[in-house]
Amino acid sequence: HGEIGGDHRRDDDGAPDAGAVERQPGVSGPLALTVTTLEDELDWGGSDADVALMGGAGDLSLREALFLAELDPATADAIGFAPGLGGGVVRLTRGTLEIRGAVSIDGDVDGDGRADVVVSGDAAGDDAIRTDLLGLAITDLDGAAYGTRDDNVRVFLIEGGDADVEIARLAITGGAATTGGGVRLDEGALDLTGAILAGNEASVDGGGGLENANGGLTVDASLFASNRAGGSGGGLLGTGGPSSFTRISHSTFVANEAGRDGGAVFVGNEDARLVSSTVFGNEGRFSGGVFADGAASLEFVLRSSVVAGNVDVLGRATDVRLSRTDVNAFTRVDSVAIGNLVGSGEDVFGRVLVPDGVEGNIAGTVAAPVDAGLGPLADHGGPTPTLLPEATSRTIDAGAGITPLPATDARGAAR
């Protein structure tokens, strides 16, 4: 072809293209790739890779699909899973899946709007496993001895300016790293929709389920359950900076643990929003629920959410904690709490962060927290398990402050 450098192949018609560059097979715009094996394999790693070189359409792994998608990182490719893989587990025996381009991954194989595929960082398959409410195999951190975690790796690392990633209806479990156990967003954008992050661990720092280190993170209708961090943010840690943001809506955080602050969520030095979400039954050494920390430029918005039943290591109600250089409560224009039910609206020092009866908020105290009146985590329909208000729950009709009001809840049911 007169090409220099690399291992290039002529396209299928056998004739050379005119001009300086030969168009390679399999780079004809956005790809629609179907994963057909649960094995973690990469049969070909060259720049001329295509489906055929990966073993054919009947033997395409998730790692191979991501490799093909990144051959043109600026093009938004779509990855799905074959119906026969429903209920299966992709175990990452070759290390973390790294994404640097534009791609979407959808783990719903049967069109019911739910995760059907699990991606696990437990390479050896020796973690203790529990079957979740959707029948998926999830790592049980309480049942897994630390010695069996040596083979576990972080599941996804997203980095690079071209990274524009959507992960939908996929279960992420068994991830382990010093920080960002399940997913780490180093740079770029990540949208999580209908995803389940459960049984992931950040052993030293924060973000057991997910860490947003410096990107744009949007989470909707997702579940963070039973993740653990040695530092802060047992479920989610967001500490990117002025250009970073974390936006959470219609999502549930339950039974996450942190060795420091924010058993469920810790955000700092970035804009953050928690809207129409439930944070319940999480634990942290100093604060169990949501912790917002950062410079005076930080915007933290808490709206129409339930943050209750979260405790510190002493069992005290520690649902919301706000650490700022110049303010101890939601009194600034850029930090607002509207229409929430917060178990304790004050911190353990007696500072009132979310005042009861103001802006439609219902809030108790450390000594007398409000009972949210929620049932257990269960399958109530929708993409993930959720916590349904009981008939006498004070959360009923308590949401306010969103214009326009959302038409549906996390399950897709009418508001």
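Which residues line the second largest cavity? Keep in mind that this is a predicted model, and start by selecting Thr 246, Ile 248, Val 265, Val 267, Ala 272, Arg 273, Leu 274, Val 290 and Phe 300, which make up that lining. Now colour by strand: E22 (245-249), E25 (265-268) and E26 (271-275) are the elements that each give two or more residues here. E26 puts in the most, with three residues. By residue type, the lining splits into seven nonpolar, one polar and one charged. The space they surround has a volume of about 40 Å³.

Next, hop over to the largest cavity, at about 50 Å³. Select Phe 286, Ser 287, Thr 318, Val 320, Arg 321, Asp 347, Val 348 and Phe 349 to bring up its lining. The mix here is four nonpolar residues, two polar and two charged. That's the end of the cavity hunt: the count comes to two of 30 Å³ or more.

Last stop: Thr 139, in strand E8 (residues 137-139). Is Thr 139 buried or exposed? Its relative accessibility is 1%, so Thr 139 counts as buried. Show side chains and draw a distance to Asp 127: the two side chains are joined by a polar contact of 3.1 Å. Then bring up the rest of the surroundings. Setting aside neighbours within four places in sequence, Thr 139 is in contact with Asp 127, Ala 128, Ile 129 and Arg 130, along with Arg 149, Thr 173, Gly 174 and Gly 199.

Conventions
Residues are numbered from 1 along each chain as its sequence is written. This is a predicted model: local features need pLDDT of at least 70, side-chain atom pairs count only at pLDDT 80 or more; totals for chains, interfaces and linings use all residues. Side-chain values use heavy atoms; hydrogens and water are left out. On a 1 Å grid over the protein atoms alone, a cavity is a set of points where a 1.4 Å probe fits but cannot get out, and a pocket is an open set with protein on both sides within 12 Å along at least five of seven lines; lining residues have an atom within 4 Å of a point. Grid points are joined across faces, edges and corners, and a volume is the space filled by probe spheres set on the points. Ala, Val, Leu, Ile, Met, Phe, Trp, Tyr, Cys and Pro count as nonpolar, Asp, Glu, Lys and Arg as charged, and the others, Gly among them, as polar. Helices (H or I, at least four residues) and strands (E, at least two) are DSSP runs, numbered from the N terminus. Buried means under 20% relative accessible area, exposed over 50%, partly exposed in between (1.4 Å probe, protein chains only). A polar contact is a pair of N or O atoms within 3.5 Å; within protein, one must be able to donate a hydrogen and the other to accept it, and residues adjacent in sequence count only if both atoms are side-chain atoms. Contact means heavy atoms within 4.5 Å.
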